[in-house]
2 protein chains.
Amino acid sequence: MPPETSPDANAAHLTRAAQRAASRGALAGALHGRRTDPRLGDWIEAARGADLDEAGRADLREAARSFAQSTRVPADLAEALAREASATHHLWAEARAADDPAPFLPALAGMVALRREESQALSGGEGDPYDALLDQYEPGASAARIDVVFARLRAGLAPLLDRRLGAPAAPPKPVGRVPTEAQLALARAAATACGYDWSAGRLDLAVHPFSSGGGRDVRITTRVSEADPMECLYSTLHETGHALYELGVDPALHARPAGGHASMGVHESQSRLWENHIGRSAAAAPFLHALAAEHLGDMGLDGSEAFHAAANALEPGFIRTAADEAQYDLHILMRFDLERALLSGDLAAADLPAAWDARFEADFGRRPPGAAQGCLQDVHWSEGLIGYFPTYTLGNMGAAALMARLRTDEPALDDALAAGDFMPVLDWLRPRVHAPGRIRAVPDLWRSVLGDVPDEKPLLAHLTAKFEALHGLS
Amino acid sequence: MPPETSPDANAAHLTRAAQRAASRGALAGALHGRRTDPRLGDWIEAARGADLDEAGRADLREAARSFAQSTRVPADLAEALAREASATHHLWAEARAADDPAPFLPALAGMVALRREESQALSGGEGDPYDALLDQYEPGASAARIDVVFARLRAGLAPLLDRRLGAPAAPPKPVGRVPTEAQLALARAAATACGYDWSAGRLDLAVHPFSSGGGRDVRITTRVSEADPMECLYSTLHETGHALYELGVDPALHARPAGGHASMGVHESQSRLWENHIGRSAAAAPFLHALAAEHLGDMGLDGSEAFHAAANALEPGFIRTAADEAQYDLHILMRFDLERALLSGDLAAADLPAAWDARFEADFGRRPPGAAQGCLQDVHWSEGLIGYFPTYTLGNMGAAALMARLRTDEPALDDALAAGDFMPVLDWLRPRVHAPGRIRAVPDLWRSVLGDVPDEKPLLAHLTAKFEALHGLS
């Protein structure tokens with residue numbers, strides 16, 4: 001039988017973007033139908049009386065959570081969210097290319113309104129509307145707690161940035177152009193050093209790096225700038241961190257609800273740990289510098305200290321994904337505040353560009369030269385991803401807290417890193433963070449490893465120590 | 001509820017390839033379940049009494065055909081076909097990279113046996129086992145008729161090739177390296193000249209060029225060799241031909257069974273028509289040469305005649321996809337014979353490399369230097385695609401027959417092509433070939449346009465005329 005098609009989908013003048021939006025909407029409707037099948041509710045109720053082990057109880061908890069959340073959202077809203085996310089994303093890409101937010105902002109307003117409607121459906125109007133969306137990426141988190149922790153982080157980051165901007169010497173930069181194949185060979189060697197299992201994965205090029213898959217098929221992508229070989233190396237380490245997490249989940253949990261990742265924040269803690277706390281550490285610099293020199297030549301960097309300084313260069317830029325560790329979280333903090341204001345209605349989408357630029361200038365001391373380097377730089381809001389941004393900084397806080405604990409447990413860690421032996425890191429993370437998958441709720445997972453949910457202190461301590469050592473800040 | 005997983009899928013030692021094979025098998029099983037849902041049979045029976053228009057009758061015919069074929073194949077066979085295709089494909093890629101067929105051949109034997117079993121299930125043992133597989137790609141075709149036509153084609157091609165190999169002067173070749181961006185700009189300009197609608201598509205890079213999608217979202221990919229800009233240009237024209245076909249289907253048929261392509265042979269007739277009969281024609285050479293020179297510089301080709309000669313260069317190579325028009329079909333003819341022998345059991349998979357090399361030498365007068373340039377060069381058999389190869393030559397015969405008719409209907413065609421006006425071609429094809437989609441059975445579609453099903457004669461006439469003009473063969 002042919003699927004039913006809307007009159008719009010049959011129009012000869014339809015654009016590719018419009019057809020894609022219609023397709024995504026139809027798919028979301030079909031998925032919604034599967035996720036809300038009343039038999040699922042019966043099966044979940046029947047399973048409540050069963051004698052389940054810990055993993056089985058987690059399966060049941062996650063299945064019940066998915067069923068409850070899906071049934072609260074009407075099918076037409078689920079379809080509209082997917083359809084409009086696709087259409088608005090397309091408008092965003094055009095607006096960013098043209099460096100002009102105007103044609104995008106009305107669609108963004110519509111997307112925010114749909115997410116507000118979804119939040120209302122999920123929460124029944126109880127509590128902070130932001131929490132119902134945040135919960136989709138970071139189960140159990142609350143805007144109120146994040147607000148408190150982020151305020152303390154902001155207070156600690158601002159003076160660090162002030163001092164760094166006043167630092168005297170510009171750090172060394174790689175010079176010359178490095179061919180793609182050599183960079184990919186280095187990327188593969190670096191992923192191998194981290195323990196990436198090539199029989200369960202592969203590395204390819206992509207416009208925007210990502211990792212993908214689960215179980216025993218977890219692939220990574222990277223991107224190459226011939227003028228800046230650091231981008232490929234550190235993108236690869238980041239995605240390798242994501243992949244190692246997925247590959248480390250207990251195989252008994254594969255393809256089960258309990259076998260997913262615990263949250264986006266936990267996922268990001270793994271990518272940032274490998275990218276920043278291993279890859280950009282002073283301890284691993286001698287090994288990574290030698291590895292890079294073997295594949296790329298000396299890049300005009302005189303020794304591993306210069307390599308380490310180049311890997312931690314401060315750029316007074318405007319782009320989150322290119323920001324160094326000290327500035328990165330300031331990007332997130334402003335997005336968290338702006339998206340809460342968008343959702344609550346305190347900030348109209350039409351006023352976003354001005355609000356963005358003002359906030360950026362207040363936090364970073366400079367003004368974006370245009371919307372493409374301002375409020376249009378990130379894809380997230382165009383797809384309705386509100387509540388996602390804070391998970392990046394939750395991940396950074398988690399990574400710093402994990403590393404602090406790992407250093408306590410493994411006093412000789414720096415010697416191993418200097419020798420290129422990263423296995424103590426993976427061996428420590430696997431049973432504690434990777435293997436449990438989604439068996440434990442996120443706060444319980446953190447408590448089982450760290451005794452508490454991570455806050456800003458280990459991150460601030462890490463950043464202060466790193467940049468004092470690099471630039472002699474006092 | 002978690003999906004059921006096999007014990008294998010839970011093994012920690014599983015490779016990426018094995019997990020992918022298991023996933024593809026599971027998906028095929030789920031699809032088989034949907035396609036054989038008994039309610040479909042009830043709905044099809046109920047619809048037989050309805051008052052349907054031509055498109056509705058075609059929908060019903062195609063739905064009934066899909067239901068009947070799916071229900072004849074047991075679910076476990078459908079799963080095994082998908083699972084083993086994935087696993088065997090992986091072994092093929094490794095074997096080709098190593099230029100060693102040995103580790104691949106046992107898996108190929110298993111794949112052939114599964115397809116034999118499928119053929120038996122589909123046909124109930126009636127008729128030529130090959131026909132049941134051929135029918136999946138070229139509905140209504142028969143090996144017996146193809147055998148007759150291919151024998152005549154072979155008889156006509158062999159002397160043409162003999163004479164060409166004896167031709168005196170090597171054709172001119174492009175010299176120098178052309179940057180990717182310039183080649184992509186030329187590719188976009190060439191697709192635009194053919195009438196490709198960018199609001200309903202886009203062009204990207206891929207390892208193996210393909211076109212993808214339907215309705216109003218039909219995208220194309222191409223590949224770039226900086227040393228040989230002809231590859232990107234003609235790959236793009238080929239994929240543009242595929243895309244123009246999909247984009248030309250009557251929008252009222254979109255997302256309906258009647259809105260699919262008529263057959264793989266008809267699809268290929270469109271790609272080869274634009275690639276060879278327009279793109280490699282003497283008539284269009286002045287325009288395409290000027291367009292190429294505008295984007296790429298002169299490439300060391302002195303004038304449009306040199307460009308035309310270079311676009312039709314004969315290479316005494318071993319690879320089907322790189323073969324010129326005169327050799328291409330000889331590649332197909334030998335694959336057709338070999339795969340029929342594999343399926344019937346007259347040729348064991350273990351004996352394929354020797355059989356390949358012997359046949360290649362007999363047809364082409366040279367022996368492949370290794371299996372990677374011999375029996376491992378094509379992906380098809382590794383995925384169980386037996387019965388697919390002849391559609392390429394059916395497409396070439398169709399393209400030549402369509403062009404002969406188009407030239408009769410449009411006597412001033414060459415003037416338009418020389419001026420870069422390709423719209424008379426698209427305007428002629430659209431109502432006749434594109435718009436009907438799958439409304440008519442393939443032989444009926446051909447008869448409606450040409451009066452008969454295409455045979456080898458127009459193709460041989462085209463090749464003889466082209467290469468006599470190029471090389472003065474007599």
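These questions and answers walk through parts of a predicted model.

Reader: Which helix of chain B holds B:Ile146?
Author: Look along chain B for the run of residues 143–165. B:Ile146 lies within that run. The run is helix 7 of chain B.

Reader: Is B:Ile146 buried or exposed?
Author: Count the other C-beta atoms within 10 Å of B:Ile146: there are 22. A residue with 20 or more counts as buried. So B:Ile146 is buried.

Reader: Leaving aside neighbours within four places in sequence, which residues is B:Ile146 in contact with?
Author: Contact here asks for C-beta atoms within 7 Å. Set aside the neighbours within four places in sequence. B:Ile146 is then in contact with B:Ala141, B:Phe336 and B:Pro390.

Reader: How many Å apart in space are B:Ile146 and B:Ala252?
Author: In sequence, B:Ile146 and B:Ala252 are 106 residues apart. In space, go from C-alpha to C-alpha. That separation is 34 Å.

Reader: What orientation do helix 13 and helix 15 of chain A have to each other?
Author: Two packed helices are described by an angle and a distance between their axes. Helix 13 (residues 325–344) and helix 15 (residues 390–409) of chain A pack at about 140°, with axes 8 Å apart. Over 145 degrees would count as roughly antiparallel, and 65 to 115 as roughly perpendicular. The angle falls in neither range, so helix 13 and helix 15 of chain A are oblique to each other.

Reader: Which residues of helix 15 of chain A make the contact with helix 13 of chain A?
Author: Helix 13 of chain A passes helix 15 of chain A in a left-handed crossing. From helix 13 of chain A come A:Asp329, A:Ile332, A:Leu333 and A:Phe336. From helix 15 of chain A come A:Pro390, A:Tyr392, A:Thr393 and A:Asn396.

Reader: How many residues in the contact of helix 13 with helix 15 of chain A are nonpolar?
Author: Sort the residues of this contact by kind. One is charged and two are polar. The nonpolar ones number five.

Reader: Which strands stand at the edges of the sheet in chain A?
Author: The open sheet of chain A has three strands in the order 1-3-2, with mixed pairing. An edge strand here has a single partner strand, so one of its sides is left without a neighbour in the sheet. The edges are strand 1 (203–205) and strand 2 (211–214) of chain A.

Reader: Which residue stands opposite A:Gly213 in strand 3 of chain A?
Author: Strand 2 and strand 3 (residues 217–222) of chain A pair in the antiparallel sense over four bridges. A:Gly213 faces a residue of strand 3 of chain A. That residue is A:Val218.

Reader: Which helix packs on the sheet of chain A?
Author: Find the helix of residues 229–248 in chain A. This helix touches strand 2 and strand 3 of chain A, and its direction makes about 165° with that of strand 3. The answer is helix 9 of chain A.

Reader: In what sense do strand 1 and strand 3 of chain B pair?
Author: Strand 1 (residues 203–205) and strand 3 (residues 217–222) of chain B share three bridges. B:Asp204 stands opposite B:Thr221 in strand 3 of chain B. The sense of the pairing is parallel.

Reader: Which residue in the turn between strand 2 and strand 3 of chain B has a positive phi?
Author: Strand 2 (residues 211–214) and strand 3 of chain B pair in the antiparallel sense over four bridges. Together they form a hairpin with two residues between them. The phi in question is about 65°, and the residue is B:Gly215.

Definitions and conventions. Residues numbered from 1 in each chain as written. Chains lettered and ligands numbered in written order. Predicted model: local features only at pLDDT ≥ 70, side-chain atom pairs only at ≥ 80, totals over all residues. Buried ≥ 20, exposed ≤ 12 C-beta atoms within 10 Å, placed from the backbone. Contact = placed C-beta atoms within 7 Å. Axes fitted to C-alpha atoms, helices over the stretch in contact; angles between N-to-C directions. Parallel < 35°, antiparallel > 145°, perpendicular 65-115°, else oblique. Left-handed = near helix turned anticlockwise from the far one by under 90°. Nonpolar A, V, L, I, M, F, W, Y, C, P; charged D, E, K, R; others polar. Pairing = 2+ DSSP bridges.
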